[in-house]
Amino acid sequence: MLDTAPLASNASTRRRVAVVINFLTHYREDLYRRLLQRQDLELTIFCHLPPPGSSLKSIHDRFPGHVRLLPARFMLGETIVWSTLPWHCLTERFDAVYVEGNPRYLAFALLASWLQWRRKTVVLWTMVQSFRNHPGRQRLRLAWTRSFSRLLVYSDSEVALLRAIGFESNHVVAINNGLNQDRIDDARHAWTASGLNSWRAEQGLLGKKLLLSCARLEDKNKFDQLIDVLPQLVESVTQLVWCVIGDGAAREALQLRAEAA
């Protein structure tokens, strides 16, 4: 059932902004905290809870009074998702609405098009490519995306790619994944050369050649294929070690496969 908790109170000088997304994940916590600290914005986030069995962790409870949970039906293994949206609220209540731009979230796609047709201020939060990328579907998605005057994408390289394929009339901004860059920089500067070498020695990595992966451990990322070819790589590249930064539902299966390789 749709969460009907009251929206945050509005002051006449604040812009009312809605963000309609799939999940509220921890790696974007800093982004939303910064937005909520702004005195010129009143932010409300509309999102789903992750489906049963998902490795994703929702942080919606860290923003009390600013999150509306959306009921959703996840079909065909999350290939198609239908969400129950408060259409009138999203159409009339907000000065600007940011909408997840993946068309497999059917209600989100309809909402974005509806707001654009009504000449509301809508920003499509989208990507140029995805892991399910298929040339035909990508062409259709980009053709639909062209109808929006405001786009939010994941990286500066995607901005350049959209410009290169003719999105000159759209206002396109990169979020660069909304990570806390200050925290990343602080962690990087905290590692001195001697400290890093000491850590490498403790981990048995001194003198090794590292093959580094940084991604969720999920079937879609096909890490099992890398495990299959590692024995051949080790034959030609001595002292090779594969290091993985990440976790996920496929971790145990990948560990077992690696042990058996």
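**View 1. Pairing of strand 1 with strand 6 in the predicted model.** Four bridges connect strand 1 to strand 6 (residues 96-100), and the two strands pair in the parallel sense. Within this pairing, Val20 stands opposite Val99 of strand 6. The model shown here and in the views that follow is a predicted one.

**View 2. The open sheet to which strand 1 and strand 6 belong.** The sheet is open and is formed by seven strands in the order 3-2-1-6-7-8-9, with parallel pairing. Strand 3 and strand 9 (171-174) stand at the edges, and because each has a single partner strand, one side of each is left without a neighbour in the sheet. From one strand to the next, the twist averages 20 degrees.

**View 3. Helix 3 and the surroundings of Phe108.** Helix 3 (residues 106-117) lies across strand 1, strand 2, strand 6 and strand 7 (122-125), and its direction makes an angle of about 145 degrees with strand 6. Phe108 is a residue of this helix, and because its relative accessibility is 0%, where the cut-off for burial is under 20%, Phe108 counts as buried. When residues up to four places away in sequence are not counted, Phe108 touches Val20, Ile21, Asn22, His48, Leu70, Ser83, Leu85, Val99 and Glu100. Among these residues are Val20 and Val99, which stand opposite each other in the pairing of View 1. Leu85, another of the residues touched by Phe108, is 23 residues away from Phe108 in sequence, with a C-alpha to C-alpha separation of 8.3 Å in space.

**View 4. Thr25 and Ile59, two buried loop residues in contact.** Thr25 is found in the loop that lies between strand 1 (15-23) and helix 1 (29-37), whereas Ile59 is found in the loop between strand 2 (41-48) and strand 3 (67-69). Thr25 counts as buried because its relative accessibility is 7%, and Ile59 likewise counts as buried because its relative accessibility is 2%. Apart from residues up to four places away in sequence, Thr25 touches Leu56, Lys57 and Ile59. Ile59, with its neighbours within four places in sequence left aside, is in contact with Leu24, Thr25, His26 and Glu29. For Ile59 and Val237, which are 178 residues apart along the chain, the separation of the C-alpha atoms is 42 Å.

**View 5. The crossover from strand 10 to strand 11.** Strand 10 (residues 209-214) and strand 11 (residues 240-245) run parallel and are joined by six bridges. Leu210 has Val241 of strand 11 as its bridge partner. Between these two strands the chain passes through helix 8, and the resulting β-α-β crossover is right-handed.

**View 6. Packing of helix 8 against helix 9.** Helix 8 (residues 223-236) packs with helix 9 (residues 251-260) at an angle of about 10 degrees, and the axes of the two helices are 10 Å apart. Since angles under 35 degrees count as roughly parallel, helix 8 and helix 9 are therefore roughly parallel to each other. On the side of helix 8 the contact is made by Phe223, Asp224, Ile227 and Asp228, and on the side of helix 9 by Leu254, Arg257 and Ala258. Divided by residue class, the residues of this contact comprise four nonpolar, no polar and three charged.

Key. Residues numbered from 1 in each chain as written. Predicted model: local features only at pLDDT ≥ 70, side-chain atom pairs only at ≥ 80, totals over all residues. Heavy atoms only, no water. Axes fitted to C-alpha atoms, helices over the stretch in contact; angles between N-to-C directions. Parallel < 35°, antiparallel > 145°, perpendicular 65-115°, else oblique. Contact = heavy atoms within 4.5 Å. Nonpolar A, V, L, I, M, F, W, Y, C, P; charged D, E, K, R; others polar. Buried < 20%, exposed > 50% of the residue type's maximum accessible area, 1.4 Å probe, protein only. Pairing = 2+ DSSP bridges. Right-handed = clockwise from strand over helix to strand, strands pointing away.
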